[in-house]
2 protein chains.
Amino acid sequence: MTANTRAQYKTQAHIIKALAHPTRLFIVDELARGERSVRELTDMIGVEMPTVSRHLSQLRNVGIVDDEKRGAQVFYRLRVPCVLNFFKCVEAVQRDGGKEARQNTVLEMSCVA
Amino acid sequence: MTANTRAQYKTQAHIIKALAHPTRLFIVDELARGERSVRELTDMIGVEMPTVSRHLSQLRNVGIVDDEKRGAQVFYRLRVPCVLNFFKCVEAVQRDGGKEARQNTVLEMSCVA
DNA sequence: AATACAATTAGCCAACTCGCTAAATGCTGC
DNA sequence: GCAGCATTTAGCGAGTTGGCTAATTGTATT
């Protein structure tokens with residue numbers, strides 16, 4: 001592996017990592033429906049606004065979402081809709097695979113999915 | 001958000017997190033070319049075998065890869081090829097977005113990609 | 001200008017991640 | 001059975017993550 005290749009994987013991992021958290025997945029899912037203010041998202045998620053704000057800036061830093069300040073509020077938008085395709089594949093992983101996952105929560109998952 | 005929905009996002013995040021590391025991305029990429037033994041992967045990556053082994057079991061635990069023991073060796077296979085689509089989308093994120101990413105490494109990225 | 005609300009930043013702490021080395025397990029060939 | 005290789009497991013330590021509260025910044029309203 002060359003240094004360049006290694007750097008490339010690192011950058012990609014950084015982007016994927018931005019999606020690797022339940023709250024941030026929820027945010028992406030919600031923003032797929034339209035733009036939302038930080039307050040709106042905070043009210044839906046069960047954590048404090050500063051925490052939500054940090055999740056949002058994480059998504060923004062890698063370019064997945066976009067923000068626009070209007071008045072006192074900041075609205076966030078999904079910038080790269082293709083990340084929604086991740087969900088489909090992840091569901092496929094849930095169905096087809098997952099030894100540990102199957103032991104834990106996937107069975108209950110397949111009930112609600 | 002119901003408890004079930006929350007659990008669902010948690011499970012999905014767990015799967016995505018398994019991909020959110022440079023070494024594991026490399027492994028997935030390499031396994032897309034065919035099965036590989038732990039030794040083979042270790043020789044390509046610059047870390048010790050125990051570390052590679054743990055990355056592999058992380059991928060196996062969420063069902064992304066599969067292992068088969070033949071003799072003294074263990075061969076790993078990609079089980080859910082759709083994860084390769086992640087790469088395409090991640091490249092789109094790299095191109096279209098990424099404030100921080102743009103500052104850091106994306107420019108050099110777009111040269112090698 | 002004073003108050004109130006929206007959002008971010010800073011600082012703290014518990015939990016997790018990922019590298020390593022050492023030890024354990026399992027198979028192969030002598 | 002013993003030696004040697006392949007792999008995994010265990011245990012350690014540095015660094016990161018994600019929650020919180022408190023403090024800061026910026027806008028709107030009175």
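Helices here are DSSP runs of H or I with at least four residues, strands are runs of E with at least two, and both are numbered from the N terminus. With that in place: helix 4 of chain A gives the most to the surface near DNA strand D, five residues in total. "Near", for a residue, is having a heavy atom within 4 Å of the molecule or strand.

Quick housekeeping, then. This is a predicted model, so to speak, with local features needing pLDDT of at least 70, side-chain atom pairs counted only at pLDDT 80 or more, and totals for chains, interfaces and linings using all residues. Residues are numbered from 1 along each chain as its sequence is written, chains are lettered from A and ligands numbered from 1 in the order written, and side-chain values use heavy atoms, with hydrogens and water left out.

Okay, chain A on its own. It has six helices and three strands, and along the sequence they go α-α-β-α-α-β-β-α-α. Of its 113 residues, 46% are buried, where buried is under 20% relative accessible area, exposed is over 50% and partly exposed is in between, with a 1.4 Å probe and protein chains only. If you take the contacts in chain A with a separation of 6 or more, 47% are between residues 24 or more positions apart; a contact here is heavy atoms within 4.5 Å.

Now the strands of chain A. We call two strands paired if DSSP finds at least two bridges between them. Strand 1, residues 36–37, pairs with strand 3 in the antiparallel sense over two bridges, and there A:Arg36 sits opposite A:Tyr76. Strand 2, residues 65–70, also runs antiparallel to strand 3, with six bridges joining them. A:Tyr76 turns up again on that side, as the bridge partner of A:Asp67. The hairpin of strands 2 and 3 has two residues between the strands, and A:Gly71 takes a positive phi near 65° there.

Over in chain B, there's an open sheet of three strands in the order 1-3-2, with antiparallel pairing. Its edge strands are strand 1 (36–37) and strand 2 (65–70), each pairing on one side only. Strand 2 of chain B pairs with strand 3, residues 73–78, over six bridges, and B:Asp66 stands opposite B:Arg77. Helix 4 of chain B, residues 49–61, lies across strands 2 and 3 and runs at about 120° to strand 2. For that angle, axes are lines fitted to C-alpha atoms, for helices over the stretch in contact, and angles go from 0 to 180 degrees between N-to-C directions.

On to the DNA. Which residues come nearest to strand C? Out of 23 around it, they are A:Arg39, A:Ser53, A:Tyr76, B:His21 and B:His55. Sugar and phosphate make up 71% of the atoms of strand C that come within 4 Å of the protein.

Some polar contacts, meaning pairs of N or O atoms within 3.5 Å; within protein, one must be able to donate a hydrogen and the other to accept it, and residues adjacent in sequence count only if both atoms are side-chain atoms. Our friend A:Tyr76 has a polar side-chain atom 2.7 Å from a phosphate oxygen of strand C. For B:Arg24 the corresponding distance to a phosphate oxygen of strand C is 3.3 Å, and for B:His21 it is 3.5 Å. Helix 4 of chain B gives the most to the surface near strand C, with five residues.

And strand D? It also has its list: 23 residues surround it, the closest being A:Arg54, A:His55, B:Arg39, B:Ser53 and B:Tyr76. Sugar or phosphate accounts for 69% of the strand D atoms within 4 Å of the protein, with bases making up the rest. One base contact to look at: a side-chain N or O atom of A:Arg54 is 2.9 Å from a base nitrogen of strand D. On the phosphate side, a polar side-chain atom of A:Thr51 lies 3.0 Å from a phosphate oxygen, while B:Arg39 uses a polar backbone atom, 2.7 Å from a phosphate oxygen. By class, the surface near strand D has nine nonpolar, eight polar and six charged residues. For the classes, Ala, Val, Leu, Ile, Met, Phe, Trp, Tyr, Cys and Pro are nonpolar, Asp, Glu, Lys and Arg are charged, and the others, Gly among them, are polar.
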